[in-house]
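Colleague: I'm new to this structure and would like a close look at one part of it. Could you take your time and walk me through?

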Amino acid sequence: MDVFDELLRGVRGKGAVFGRSVLWPPWSLRFTDGAYLTLCLPMRGAGWIVPEGGEPLRLAFGEAAIVRGPAPFTFTDDPAGGTGAEVREVHWDADTAPAPELAAVPDLGSELEGPTVLLAAAYDVQAQVPQRLLRALPPALVVPDEDDCAPLRDYVVAQIGGARPGHQIVLDRLLDWMLVCTLRDWFDRPEAEPPGWYGALGDEVAGPALRAMHEDPAHPWTTAELAARAGVSRTTLAKRFTELVGDGPVAYLTEWRMTLAADLLTRPELTVAAVARRVGYADAFGFSAAFKRLRGESPSAYRQEATATGRAPLPTPLTST
């Protein structure tokens, strides 16, 4: 199993949180929708991404930006704010209305005549599994469209404004693909700081153990059994795994199980006992104790909060592990 694929499988865009804007200077768009991730693709021209409290990043055609929320951010032609542009707020509500057409001024004619055209897609990533990877992102990042991402941009542009059956779902999936391409390229760049387990996936000692735990998290793994998967001793595995990941194999497995459990607890048809069994616990008592130790609240309290707010509670942001 490709762990990268597994972690991003739940990241999906929806037509209600997608929009484009034609921009003529001076212009400034402030995104206040609170999305966990926003993908920004200039279809023409360039501008500056200014995250809340962060440094401006230039974004031009041929590049893609990902901004990590839920803090607001701005896309502008002047990061210093010296042009006096009116700031237009962008707030998309995926639950109540489709995304607006974000034209900075009316009656602009063809989009291709505008000096800057921005395509943006918002992702309300509530699932805990993909957040393990996405919380390692900086507030904003910009990468060039390279390799398989470059032709994908052209196809995305060709789909804008289409009227064929299934047009919206095709565009949604293309944007999902573009997001994954951009993330994959980012984590391969030298300036990226991926979590320790991400780099450990390619290690000949820690990698087999990590993949085994992700393939079957409910299995009663022991350090000895995981070491056998890697063809090394228990001591060698424990030392190498801890060096790369920051935790030992058993501690990592427990944390991964609780991440899976957090998502399963948002499904009302599953009892706490059923969730416990799915993540490798024979009874709800042992599972509840482990969940509360790692997540700071009982499974029942976690489920109640998620049900009451409609959003899964966010864990503490990850650092290097």
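Is P249 buried or exposed?

Modeller: Happy to, and keep in mind that the model is predicted. P249 is buried, because its relative accessibility is 4% and anything under 20% counts as buried. You'll find P249 in helix α9, a helix that covers residues 249–264. Leaving aside residues up to four places away in sequence, P249 touches M213, L226, L237, A238 and F241. There's also T222 to look at: T222 and P249 are 27 residues apart along the chain, and their C-alpha atoms are separated by 8.4 Å.

Some of those partners lead straight to another pair of helices. M213 belongs to α6, and L237 and F241 belong to α8, and these three take part in the contact between the two helices. Helix α6 runs over residues 206–215 and helix α8 over residues 234–245. Two packed helices are described by the angle between their axes and the distance between the axes. For α6 and α8, that angle is about 80 degrees and the axes are 9 Å apart. The two helices are therefore roughly perpendicular to each other. On the α6 side, the contact is made by A206, A209, L210 and M213, while α8 brings in L237, F241, L244 and V245. Sort those residues by class and you get eight nonpolar, no polar and no charged residues. So if you start at P249 and follow its touches to M213, L237 and F241, you land in that α6 and α8 contact, because M213, L237 and F241 are among the residues that make it.

Now let's go back to α9 and follow it the other way, to helix α11, which spans residues 284–295. The axes of α9 and α11 come within 10 Å and cross at roughly 95 degrees. That makes α9 roughly perpendicular to α11. From α9, the residues in the contact are T254, E255, M258, T259, A261 and A262. From α11, they are F287, A290, F291, R293, L294 and R295. By class, this contact has seven nonpolar, two polar and three charged residues.

Two residues from that contact take us on to helix α2, which covers residues 128–134. Take R295 of α11 to begin with: its side chain makes a polar contact with the side chain of Q128, at 2.8 Å. Q128 is found in α2, and it's buried, with a relative accessible area of 1%. Then take M258 of α9: the C-alpha atoms of M258 and V129 are separated by 9.8 Å, although the two residues are 129 residues apart along the chain. V129 also has its place in α2, and V129 is buried too, at a relative accessible area of 9%.

A few other spots are worth a visit. Have a look at the loop between α4 (167–187) and α5 (196–200), where P195 sits. P195 counts as buried, with 1% relative accessibility. Its C-alpha atom is 6.3 Å from that of A136, and the two residues are 59 apart in sequence. D188 lies in the loop between α4 and α5 as well, but D188 is exposed, with a relative accessible area of 57%. From D188 to G199 the C-alpha distance is 9.9 Å, with their positions 11 residues apart in sequence.

Another proline to check is P70, in the loop between β6 (63–68) and β7 (73–76). Most peptide bonds are trans. Here, though, G69 and P70 are joined by a cis peptide bond, with omega about 10 degrees.

As for cysteines, C40 is buried at a relative accessible area of 0%, and C181 counts as buried at 0% relative accessibility. The count of disulfides comes to zero.

Finally, here's the wider setting for your proline. The protein chain has 12 helices and 10 strands. Of its 321 residues, 48% are buried, and P249 counts as buried as well. Among the chain's contacts with a separation of 6 or more, 74% are between residues 24 or more positions apart.

Conventions:
Residues are numbered from 1 along each chain as its sequence is written. This is a predicted model: local features need pLDDT of at least 70, side-chain atom pairs count only at pLDDT 80 or more; totals for chains, interfaces and linings use all residues. Side-chain values use heavy atoms; hydrogens and water are left out. Helices (H or I, at least four residues) and strands (E, at least two) are DSSP runs, numbered from the N terminus. Buried means under 20% relative accessible area, exposed over 50%, partly exposed in between (1.4 Å probe, protein chains only). A polar contact is a pair of N or O atoms within 3.5 Å; within protein, one must be able to donate a hydrogen and the other to accept it, and residues adjacent in sequence count only if both atoms are side-chain atoms. Axes are lines fitted to C-alpha atoms, for helices over the stretch in contact, and angles run from 0 to 180 degrees between N-to-C directions. Angles under 35 degrees count as roughly parallel, over 145 as roughly antiparallel, 65 to 115 as roughly perpendicular and the rest as oblique. Contact means heavy atoms within 4.5 Å. Ala, Val, Leu, Ile, Met, Phe, Trp, Tyr, Cys and Pro count as nonpolar, Asp, Glu, Lys and Arg as charged, and the others, Gly among them, as polar. A disulfide is a pair of cysteine sulfur atoms within 2.5 Å.
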